[in-house]
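Grab a pencil and work through these short exercises. Each task comes with a solution in steps.

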Amino acid sequence: MISIIVPVYKAKECLGPLHDRLKQALSSTQGITGYEIILVEDCGRDGSWESIELLASKDPRIRAVQLSRNFGQHQCITAGLELSKGNWAVIMDCDLQDRPEDIPKLWEKAQEGFDVVNARRGKRNDPVWKRAASRIYHFVLQNFSGLSYDPQVANFRIINRKVINAYLSMHENFRSFGAQVHWLGFPTAYVEIKHDGRHGGKSSYTLRKLVAMAVDTITAFSNKPLLVSAGVGFFIFLASICFSLYLVIRKVVWSVPIEGWASLMVSLWFLGGMIIANLGIVGLYIGKIYDETRHRPVYVISKRVNC
């Protein structure tokens, strides 16, 4: 039994072809005795839910929920995993850039004894701006989170029930599926796949959203920004002592008067900016603590079909 988990957001035109290609790929894969397709609609309000209901009325293997509002892709994945019944779960996007025909590759590799098999995209079939935004996201993430993460790997992968249960045991409100599965550390393999163009619609991930997600991931997984902030402060402290000694020696030895209204003002502005920035970093961590202490649900389901 295998569960196919697909977050859906403003992808009405993709759902029919996605369903047809999933049925064909799964029915022809040896070793899979049954499957379910779990569609989690993230309240896109574009008619996707009505299309899902129509598909589910014709195919009982489709199980679907609609969230009460737009919670986000990773919250949808969490909802799908909690609903899943399979021994294995495949997580993929709904826009058909993740090809259903590659699921047999993931399945066959998993049978070699791996708990996680990630799909590694070769040449990404995305606009230049999106590839650039993705590079910025992964650069920020790798340099500040302490996670060594392959930028060619997205959410498309297969995981077994052991990994599913371990992921669901992580009760924090913040969700970053790929980073959390990577943190779990189960035996992982990679399969090279082709990355197709979007079947329809447009990506909801802007550069601003990617950077915001990187910041959230960094503060959830690492205290490195605090260490960097402390290091910069200590460096400024040592530099100020050295410069002060230099001014005193220059005055005593060479009788050079101590001047520098402009340098004093620049120093004050610099230190003021550093203090405000450091307070902002501390504030991010305090805000993260506040979010976690409220213990709000990761998602809220509004409608269900076949589940």
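For charges, Lys and Arg count as positive and Asp and Glu as negative, while His and the chain ends are not counted. The place of a charge is NZ of Lys, CZ of Arg, CG of Asp or CD of Glu.

This is a predicted model, where local features need pLDDT of at least 70, side-chain atom pairs count only at pLDDT 80 or more, and totals for chains, interfaces and linings use all residues. Residues are numbered from 1 along each chain as its sequence is written, and side-chain values use heavy atoms, with hydrogens and water left out.

**Exercise 1.** Find how far apart the mean positions of the positive and negative charges are.

*Solution.* Start with the charges: the protein chain has 37 positive and 27 negative ones. Their mean positions lie 4 Å apart.

**Exercise 2.** Work out why the protein chain is more spread out than a compact globule.

*Solution.* Begin with the secondary structure: ten helices and eight strands (DSSP runs, H or I of at least four residues for helices, E of at least two for strands, numbered from the N terminus). Next, the globule rule (2.2 Å times the number of residues to the power 0.38) gives 19 Å for 307 residues, but the radius of gyration (taken over C-alpha atoms) is 25 Å, well over that, so the chain is more spread out. Finally, the C-alpha atoms fill a box of roughly 90 × 40 × 35 Å along the principal axes.

**Exercise 3.** Check the span of helix H9 (residues 224-254).

*Solution.* Take 1.5 Å times one less than the number of residues. For 31 residues that should be 45 Å, and the end C-alpha atoms are 44 Å apart, which agrees. Just after H9 comes Ser255, with a positive phi near 55°.
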